[in-house]
Structures are given as C-alpha cells and as structure tokens.
Amino acid sequence: MDSRSDDLPRLHDAFRALRDALAAEIVGQGALIERLLIALLADGHLLVEGAPGLAKTSAVRALAARLEADFARVQFTPDLLPADLTGTEVWRPQEGRFEFQPGPVFHPILLADEINRAPAKVQSALLEAMGERQVTVGRATYALPPLFLVMATQNPIEQEGTFPLPEAQLDRFLMHVRIGYPQAAAEAEILRLARERARASLHAPAAPPVRMPQADVFAARAAVLDLHLAPAVERYLIELVLASREPARYDAALARRIAWGASPRGSIALERCARARAWLGGRDFVTPDDVRAVAPDVLRHRILPSYEATAEGWDGERLVAELLQRVPLP
Ligand SMILES: Nc1ncnc2c1ncn2[C@@H]1O[C@H](COP(=O)(O)OP(=O)(O)OP(=O)(O)O)[C@@H](O)[C@H]1O
Ligand SMILES: [Mg+2]
C-alpha cells in the first residue's frame, strides 16, 4: 500500500475528524485519545493504567465505533483459559471433523481488561498473538486480522491476587500510558454528557457514526513511514535509548538506579510513535519534540529501576525524565 500524496489532505482531515469526535465523547482525556491514534498509526498496542471509571472502556469502544473494525472486550480473570481468548476446535459430528471457532483475539480491536488478573498462560497467549500476529491452536496456525490493536488495562490499586506482567512481556506494548482524573471543568462536562446520553437512550437510537474504512488506516500508516526523519533527530532518538543502557556515560548515580535499559524494540517504538505524532500534528517531518513527547510512554515500561532505586521510590517514569534531561538535544 503506498501513500498517494494527492490523498494526504483527505486522510489528515479524516484523522482530525476522528480525534475531534473522540474528544467530544471522552472529555479531558486528550492524552489517552492521542495515544490510541498513535497506536493505530504505528501498528502497536497499548497498556493503559488508570483508576476505575476513567473512560478506558468508553475510549476504545468509541474508537471502534468510528472505524470499520469490530470490537471485543475480554475481562481477564484468574480462571480464564488461553482458549477463551484464542478459540477452540469444535467437533462437528455431521461433518465428522473439527472446526475452528475463533476467539475474541480475532477482532481487530480488542480490549483486554485487567490483564494482570489472569495467570501467565493466558497473558502469554495474548502477548504471543500481539507479537506474532497469529495464533496456534492444536496443530493449526491462524493469522490475525491485518488491523489488530490491543488495549490492555491495568488497575493501579487492588494489587492483591494479581499476576504482574513479566518485564519481557511489557516490551511488547508500544506504549504504557498512565491516565489520571480529569480536571474540575472536564468533570462538569462529563456530567452534562452523561445526562445527554441518558436522555437520548430514552428516545430512538441515534444514527451510527460514520466509520473510517480500514484502507484509510493503512494509507495513513504508509504516509507515517514516509515522513522525513532528519539524521540529527534519529541520532537523538537512538542516543536516548543507548543512554538507558549505558547511563554511566552521563551520570554515575543514574547508572546505579537503572538495572535494565530499553531494547531495540524500544528504539523502533520510539521512532514509530514520534512519526505518528508528527503526522497527527499535520507535519511531514519529525521534530525532537515529537521524540520527547512520546518518550515517557514508550520507554517507561522498558527501563527497569535497580533494586535499591525501587526501594527509594524510583520507577521507569522518573528514569525516563532523568534521561530526557541529560541527553543533549540536537
Ligand atoms: N472523561 C470522560 N468523558 C466522558 N465520560 C466519561 C469520562 N470518564 C468517565 N466517563 C463516564 O464514566 C463511566 C465509566 O467509564 P468507563 O466504563 O469507560 O470506565 P473504565 O475506565 O473502563 O472503568 P473500569 O476500570 O471500571 O473498567 C462511563 O459512563 C463514561 O461514559
Ligand atoms: Mg472498563
């Protein structure tokens, strides 16, 4: 799929309209909406952490409603089995053979709610699907749809009875997004919207929104890959990642605080997300600011604080902030 430049203005308009429609529905969570669109454009998956009731489910549902893409939600629980996610072979006595019943993972937009409540076997079935874009059940392998976006959620409170995702698995998420409570002004708007929705539900159902064809998403992805990335910006991006692996070059104290730096998957994610952000901003080139803006969400889960740093309250987020301060801008 190539990006035809005469089609670019229309694609930009379509994405702007998509963002505006989502922002009108999900108030005061602009960062989450932007991250969802970046993931869509960068062909990656999101891990979202936030308290209950912060519109996580509403946001993915709203996105799915505006794309030509089906949506499924899976609540991860301790008794969930990998087959509940991937699907199973069902015996068809009339035909004398097994038939594959695809599970929810075959939906282009998948919400994996409270991913840390399911045991490792289920988590790795999902992460494998995310990484390999295919699912193996029995002896057969099934390809996932070409558009495949997973948003997994994690609740920061109630850690009891959870199975934290192993570091190696976290790396598979393009971004780890943390969301907080909306501002007071947004809260009033949320109430107004909720009243409006409750009122509307008493009447005839509203006309469904216009849905963006998947072909537009693929064309936009091609345009994102075509953006200009200046060598100096690329060097800056690489240096941020390298600094997480060899922090001693910058600061001995920081080096003691980092146990593990970001992988090449991290640099790829950083480039893709910076590109997607630039494209969403209507630019045809990537700036250092694009890199800095996405770096916290792209890198926080890929940089592991040392044991002693953790004890002192350091987390990936603070370490990324330190790196951003120390690595010189181009
Ligand atoms: N920023 C917001 N804008 C508009 N509505 C919101 C916002 N935040 C919450 N709501 C409303 O609050 C309710 C709860 O939202 P939702 O179910 O999406 O939250 P959630 O983050 O998925 O919660 P949980 O973690 O419990 O699954 C919904 O009715 C939603 O419309
Ligand atoms: Mg929810």
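**View 1. Ligand 1 meets the backbone of Leu54 and its neighbours.** In this close-up, a polar backbone atom of Leu54 sits 3.0 Å from an oxygen atom of ligand 1. Before going on, keep in mind that this is a predicted model. Right next to Leu54, the backbone joins in again: a backbone N or O atom of Gly53 is 2.7 Å from an oxygen atom of the ligand. Ala55 does something similar, with a polar backbone atom 3.1 Å from an oxygen atom of ligand 1. How much of ligand 1 does the protein bury? On its own, ligand 1 exposes 630 Å², and the protein buries 69% of that.

**View 2. The shell of residues around ligand 1.** Now look at the residues around the ligand: there are 13 of them, and those that come nearest are Val27, Gly53, Lys56, Thr57 and Ser58. Which elements give two or more residues to this shell? They are α3 and α7, and α7 covers residues 184-202. The largest share, three residues, comes from α3. If you sort the shell by class, you get six nonpolar residues, four polar ones and three charged ones.

**View 3. Ala55, a residue with a positive phi.** Ala55 turned up in the first view, where its backbone lies 3.1 Å from a ligand oxygen. Here the thing to look at is its backbone angle: phi is about 70 degrees, a positive value, although Ala55 is not a glycine. You'll find Ala55 in the loop that runs between β1 (46-49) and α3 (56-65). Is Ala55 buried, partly exposed or exposed? Its relative accessible area is 23%, so it counts as partly exposed.

**View 4. Arg133, another positive phi outside glycine.** Arg133 isn't a glycine either, yet its phi is positive, near 60 degrees. Where does Arg133 sit? Its place is in the loop between α5 (120-132) and β6 (134-137). With 25% relative accessibility, Arg133 counts as partly exposed.

**View 5. A cluster of rings: Phe100, Phe106 and Tyr142.** The model has four aromatic pairs. One of them joins Phe100 and Phe106 edge-to-face, with 5.7 Å from centre to centre and 70 degrees between the planes. Why is that pair called edge-to-face? Planes over 60 degrees apart get that name, and these two rings are at 70 degrees. Phe100 itself is buried, because its relative accessibility is 15% and the cut-off for buried is under 20%. Phe100 also pairs with Tyr142, and this time the rings are stacked: their centres are 3.9 Å apart and their planes differ by 10 degrees. That pair links distant parts of the chain, with Phe100 in strand β4 (residues 97-102) and Tyr142 in strand β7 (residues 140-143), 42 residues apart. Tyr142 is partly exposed, at 21% relative accessible area. Put the ring pairs together and you get a cluster made of Phe100, Phe106 and Tyr142.

**View 6. Gly138, an exposed loop residue.** Gly138 has its place in the loop between β6 and β7. Is Gly138 buried or exposed? At 68% relative accessible area, this glycine is exposed. You can also measure from here to Phe100 of the ring cluster: Gly138 and Phe100 are 38 residues apart in sequence, and their C-alpha atoms are 10.0 Å apart in space.

**View 7. Gln123 and Asp113, two buried residues.** Gln123 is in helix α5, and with a relative accessible area of 2% it is buried. What does the side chain of Gln123 reach? It reaches the backbone oxygen of Ala118, at 3.0 Å. Asp113 is found in strand β5 (residues 109-113), and it is buried too, with a relative accessible area of 7%. For a sense of spacing, compare Asp113 with Ser124: they are eleven residues apart in sequence and 15 Å apart in space, C-alpha to C-alpha.

**View 8. Residues 255-321, a stretch named in a record.** An unreviewed UniProt entry annotates residues 255-321 as "domain: ChlI/MoxR AAA lid". How far apart are the end C-alpha atoms of this span? They lie 14 Å apart. As for what the span is made of, 64% is helix and 7% is strand.

Technical notes: Residues numbered from 1 in each chain as written. Chains lettered and ligands numbered in written order. Predicted model: local features only at pLDDT ≥ 70, side-chain atom pairs only at ≥ 80, totals over all residues. Heavy atoms only, no water. Helix = DSSP H or I, 4+ residues; strand = E, 2+ residues; numbered from the N terminus. Buried < 20%, exposed > 50% of the residue type's maximum accessible area, 1.4 Å probe, protein only. UniProt positions renumbered as here; feature names shortened; annotations may be inferred. Near = heavy atom within 4 Å. Polar contact = N/O pair within 3.5 Å; in protein donor to acceptor, adjacent residues only side chain to side chain. Areas by Shrake-Rupley, 256 points an atom, 1.4 Å probe, with all protein chains shown as cover. Nonpolar A, V, L, I, M, F, W, Y, C, P; charged D, E, K, R; others polar. Phe/Tyr/Trp six-rings, centres within 6.5 Å; stacked < 30°, edge-to-face > 60°.
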